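The following note sets out comments on the structure shown below. The points are numbered so that each may be taken up separately.

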Amino acid sequence: QVQLVESGGGLVQPGGSLRLSCAASGFRLDYYAIGWFRQAPGKEREGVSCISRYDGRISYTDSVKGRFTISRDNAKSTVYLQMNSLKPEDTAVYYCARSTGGYCSSSNDYWGQGTQVTVSS
């Protein structure tokens, strides 16, 4: 059974850091691209970052470039999102999703339940 489970969210102060994890099971992680998305109340879901099955193929939305880092550990079947220099506007529910193939795309077939990230002083 395909499953994605996010963890690592929480409440942090502006300028702080969090490391989100996306634990994958029921499939070979190294066959798929995994994306991180977020949705704040009243806003549309947006793509944050994505990592393909190949380590060198990574993308970020402009608002997080230089602050967030996506990585994968196929041996642990886990994708990470290291978030530094967090801002209040980063507050959202963060989801990970499996792309339909090995490259990042707008087509995703499985989603995690989400983890809440709140950046506030």
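Are Phe-27 and Tyr-32 buried or exposed?

1. Both Phe-27 and Tyr-32 are buried. The model is a predicted one, and every value in this note should be read as computed from it. The ring centres of Phe-27 and Tyr-32 lie 5.4 Å apart with the planes at 90°, so this pair is edge-to-face. The count of aromatic pairs comes to three, and two of these are described in this note, the pair of Phe-27 and Tyr-32 being one of them.

2. A further aromatic pair is formed by Tyr-54 and Tyr-103, whose ring centres are 5.7 Å apart; the planes meet at 45°, so the pair is classed as tilted. Tyr-54 sits in the loop between β5 (46-51) and β6 (58-60), while Tyr-103 sits in the loop between β9 (92-99) and β10 (108-111), so the pair ties together parts 49 residues apart in sequence. Tyr-54 is partly exposed at a relative accessible area of 39%. Tyr-103 is likewise partly exposed, with a relative accessibility of 43%.

3. As to secondary structure, the protein has 11 strands and zero helices. Its radius of gyration is 13 Å, close to the 14 Å that the globule rule gives for 121 residues, so the protein is as compact as a globular protein of that length. Along the principal axes, the C-alpha atoms fill a box of roughly 40 × 25 × 25 Å.

4. On burial and contacts, 40% of the 121 residues count as buried. The exposed surface of the protein is about 6300 Å², of which carbon and sulfur atoms supply 44%. Taking contacts between residues at least 6 apart in sequence, 55% join residues at least 24 apart.

5. On charge, the protein carries 13 positive and 10 negative side chains. The centres of these two sets lie 3 Å apart.

6. Val-79 merits separate comment. This residue belongs to strand β8 (residues 78-83) and is buried, with a relative accessible area of 0%. Setting aside neighbours within four places in sequence, Val-79 is in contact with Leu-20, Ser-21, Cys-22, Leu-29, Ile-34, Trp-36, Ile-51, Ile-70, Ser-71 and Arg-72. For one of these partners, Ser-21, the C-alpha separation from Val-79 is 5.8 Å, although the two residues are 58 residues apart along the chain.

7. Which strand holds Ile-58? Ile-58 is placed in strand β6, and at 35% relative accessibility it counts as partly exposed. Not counting residues up to four places away in sequence, Ile-58 touches Cys-50, Ile-51 and Ile-70. Ile-51 and Ile-70 also appear among the contacts of Val-79. Trp-36, another contact of Val-79, is 22 residues from Ile-58 in sequence, with 11 Å between their C-alpha atoms.

8. Two serines call for a check of backbone geometry. Ser-77 has phi near 50°, a positive value in a residue other than glycine. Ser-77 is found in the loop between β7 (68-73) and β8, and its relative accessible area of 21% makes it partly exposed. Since buried means under 20% relative accessible area, Ser-77 at 21% falls on the partly exposed side of that cut-off. Ser-85 also has a positive phi, near 50°, and is likewise not a glycine. Ser-85 lies in the loop between β8 and β9 and is partly exposed at 39% relative accessibility.

9. Finally, where does Val-2 lie? Val-2 is in the segment before β1 (3-7). Apart from neighbours within four places in sequence, Val-2 is in contact with Ser-25, Gly-26, Phe-27, Arg-98 and Tyr-110. Among these partners, Phe-27 is the residue whose ring pairs edge-to-face with that of Tyr-32. The C-alpha atoms of Val-2 and Gly-114 are separated by 15 Å, the two residues being 112 residues apart along the chain.

How values were computed: Residues numbered from 1 in each chain as written. Predicted model: local features only at pLDDT ≥ 70, side-chain atom pairs only at ≥ 80, totals over all residues. Heavy atoms only, no water. Helix = DSSP H or I, 4+ residues; strand = E, 2+ residues; numbered from the N terminus. Rg over C-alpha atoms; globule rule 2.2 N^0.38 Å. Buried < 20%, exposed > 50% of the residue type's maximum accessible area, 1.4 Å probe, protein only. Contact = heavy atoms within 4.5 Å. Areas by Shrake-Rupley, 256 points an atom, 1.4 Å probe, with all protein chains shown as cover. Lys, Arg positive; Asp, Glu negative; His and termini not counted. Charge placed at Lys NZ, Arg CZ, Asp CG, Glu CD. Phe/Tyr/Trp six-rings, centres within 6.5 Å; stacked < 30°, edge-to-face > 60°.
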